[in-house]
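Me: Please walk me through a protein model. I will ask short questions about helices, empty space, backbone and single residues.

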Amino acid sequence: MAENGLPFPIDRITSLAGGAPGNSLARFPRPLRDAAAQRPFLKAYLQALPIEEIGIPEYYPVLSRSLQKLHAPNLIYPIKQGLFIHIYPDPTGERNYYIPITPDLPVVLNGLMTEIDLHLLDWAEEIGQAEAEDRAQVFLECLDRICTTEPTLDGSAIHVSPEQLEAIRYLTLRDKVGLGVLEPLILDSYIEDISCSGMGPVFVEHKIFRSLKTSIVFSTLDELDEFVVWLGERIKRPVTLRMPIVDAVLPDGSRINIVYGRDIAKRGSNFTIRKFAEEPLSIVQLVGFGSLTYLMAAYLWMAIEEGLNLFVCGETASGKTTLLNALTGFILPDAKVVSIEDTPELQVPHANWLREVVRDMAGGEKSSSVDMFALLKAALRQRPDRILIGEIRGIEGNIAFQAMQTGHGVMATFHAASVQKLIQRLTGNPINVPKTYIDNLDVVVIQSAVRGPDGKIVRRVLSINEIVDYDAGSDSFSFITVFRWRPEDDTFEFPGNRNSYVLEEKLAKRRNLPEARKREIYQELEKRARILERLHKKAGISGFHQLFKVITEARKQGLI
């Protein structure tokens with residue numbers, strides 16, 4: 001369905017099977033040689049590399065963000081299911097290559113896969129009856145009956161070499177269980193987005209190396225159309241000329257959008273997959289990335305712990321959902337949480353979590369659809385302690401403020417680049433929140449993808465703001481910016497120090513601090529910041545679930 005657009009001739013790899021000379025493995029780093037000794041296809045790939053042009057790649061079992069500083073990365077790292085990825089430098093292009101190293105690369109199958117498919121028809125009933133989670137194992141068992149690496153006289157099995165068998169097993173699972181040529185990209189936890197913008201290469205957004213072009217290339221429009229139709233059938237949301245646009249969720253939670261047909265996509269059919277992280281980033285990991293400080297995290301911790309209402313706002317791909325996910329770890333552990341989303345992206349560590357998702361019926365069956373407005377109304381009858389909304393876009397925002405008005409804690413993301421824009425959209429059509437309700441929203445976090453002092457794109461909390469009140473006489477809203485990012489040196493200011501409305505007038509009162517002692521709340525803020533920093537730097541606790549568990553235990557013991 002797609003070509004392998006390697007930046008060097010693929011016959012450099014396949015010719016090695018015929019005895020052609022290749023690079024000596026002794027020239028590669030020992031960890032890479034050790035990995036190649038276990039995986040013959042990796043060995044063949046290394047022997048075929050044009051190292052006289054690109055140099056010798058390094059091997060990294062685990063990638064770190066410090067590798068972002070590499071000007072021309074040339075490295076190999078492992079991913080799931082024993083596969084490898086080569087970040088291959090391209091000095092002439094604006095993007096480096098992302099090359100999946102897979103068992104089929106060095107192997108010539110000469111029509112074997114077609115023959116295998118015919119034999120698999122004999123096991124169709126057994127395969128069809130298998131549960132989804134068992135299907136891969138059933139396919140492997142069938143292949144063991146169909147193929148053999150031992151000589152056979154009666155022709156009861158197809159004789160293949162060990163290398164061919166490994167390639168057959170990989171390709172069968174890739175195409176029958178996985179997402180075909182995209183499967184290595186799905187298996188790579190460092191990939192955030194996969195996109196095909198038409199005929200040509202597939203692109204990925206990498207957590208470390210940002211935008212890369214893959215070696216997966218659709219060279220004709222017909223080839224691309226065929227793959228997109230196959231992809232729609234694979235995810236059980238077929239695309240047709242009558243219904244050319246499909247949005248769906250993959251089994252791992254990743255979001256996929258498909259646009260089919262050249263009449264609406266002039267460069268050819270296209271698709272985008274937004275990967276789903278297996279474990280969300282924790283708040284201390286975001287601090288480590290420079291998105292905010294421990295003091296800012298402590299402030300949000302205290303606000304969320306006391307049930308205050310909070311919106312994370314920003315533009316597309318600014319990191320809103322990533323931050324909201326991290327903040328769920330601060331919700332009281334015994335709380336009942338209801339999340340409402342268009343597509344499932346939120347991850348909550350709590351046991352008592354109701355996860356509800358919009359149902360958008362194919363074919364436009366509106367009577368069977370369930371939108372966010374309906375889900376949010378239903379959530380109010382479920383007596384939640386916290387309501388999480390994936391993104392407020394329409395009239396469900398009005399219901400969210402009614403929920404705040406009746407004492408339900410609400411956290412949500414919202415597409416707005418400033419507090420002013422947020423209020424403007426909330427009070428206008430189609431949301432139409434009454435202006436007198438706006439101060440039910442306590443905290444607004446503005447998140448953005450910005451250019452840091454070194455010129456690279458980074459995600460930062462631009463500000464944390466407190467909504468104070470609405471003055472009907474002047475028809476104006478007042479708010480306080482308690483934290484602010486300084487773009488000139490990539491640091492954060494705390495203008496709300498000894499001047500925070502939320503800390504002094506809300507949190508201090510909830511802790512029964514008298515008026516004369518309300519500023520003691522700042523001592524608690526600094527204490528929480530030290531706790532987070534100590535857990536992160538001294539105790540080495542950084543994982544999302546790990547941090548939630550430690551904070552929960554500390555609360556049980558009365559340490560917080």
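What follows is a set of questions and replies on this model.

Me: What kind of model is this, and how are residues numbered?
Reply: Side-chain values use heavy atoms, with hydrogens and water left out, and residues are numbered from 1 along each chain as its sequence is written. Local features need pLDDT of at least 70, side-chain atom pairs count only at pLDDT 80 or more, and totals for chains, interfaces and linings use all residues, since the model is predicted.

Me: Which residues of helix α2 are buried?
Reply: Helices here are DSSP runs of H or I with at least four residues, strands are E runs of at least two, and both are numbered from the N terminus. Buried means under 20% relative accessible area, exposed over 50%, and partly exposed in between, with a 1.4 Å probe and protein chains only. In α2 (residues 30-38), the buried residues are Leu32, Ala35 and Ala36.

Me: Why do the buried residues of α2 lie on the same side?
Reply: An α-helix has 3.6 residues a turn, so residues three or four places apart point the same way. The buried residues of α2 are Leu32, Ala35 and Ala36. They share a side of α2 because they cover an arc of only 100 degrees around the axis, taken from the directions from the axis to the C-beta atoms.

Me: Which residues are exposed on the other side of α2, and what covers the buried ones?
Reply: The exposed residues on that other side are Arg30, Ala37 and Gln38. Contact means heavy atoms within 4.5 Å. The cover over the buried residues includes α3 (40-48), β2 (58-59), β3 (75-78) and β4 (84-88).

Me: Which elements do the buried residues of α7 pack against?
Reply: Helix α7 (residues 135-146) has 12 residues and reaches 16 Å from first C-alpha to last, close to the 16 Å expected at 1.5 Å a residue. The expected span is 1.5 Å times one less than the number of residues. Its buried residues are Val138, Phe139, Leu140, Cys142, Leu143 and Ile146. They pack against α5, α6 (124-129), β6 (147-148), β7 (158-159) and α8.

Me: What is the volume of the largest cavity?
Reply: On a 1 Å grid over the protein atoms alone, a cavity is a set of points where a 1.4 Å probe fits but cannot get out; a pocket is an open set with protein on both sides within 12 Å along at least five of seven lines; lining residues have an atom within 4 Å of a point. Grid points are joined across faces, edges and corners, and a volume is the space filled by probe spheres set on the points. The structure holds three cavities of 30 Å³ or more. The largest has a volume of about 50 Å³.

Me: Which helix gives the most to the lining of the largest cavity?
Reply: The lining is Ser282, Ile283, Ala326, Gly329, Phe330, Phe544, Leu547 and Phe548. By class it has six nonpolar, two polar and no charged residues; Ala, Val, Leu, Ile, Met, Phe, Trp, Tyr, Cys and Pro count as nonpolar, Asp, Glu, Lys and Arg as charged, and the others, Gly among them, as polar. With three residues, the helix that gives the most is α19 (residues 544-556).

Me: Which element gives the most to the lining of the second largest pocket?
Reply: This pocket holds about 650 Å³ of space. Its lining has 27 residues, with Ala2, Asp104, Leu171, Arg174 and Val181 nearest the centre. They divide into 16 nonpolar, five polar and six charged. With six residues, the element that gives the most is α8.

Me: Where is Pro430?
Reply: A cis peptide bond joins Asn429 and Pro430, with omega about 0 degrees. Pro430 lies in the loop between α16 (419-427) and β19 (443-451).

Me: Is Asn110 buried or exposed?
Reply: Asn110 has a positive phi of about 50 degrees although it is not a glycine. Asn110 lies in the loop between β5 (97-101) and α5. With a relative accessible area of 72%, Asn110 is exposed.

Me: Which residues does Leu376 contact?
Reply: Leu376 sits in helix α14. Leu376 is buried, with a relative accessible area of 2%. Leaving aside neighbours within four places in sequence, Leu376 is in contact with Ile340, Ile387, Ile389, Glu396, Ile399 and Ala400.
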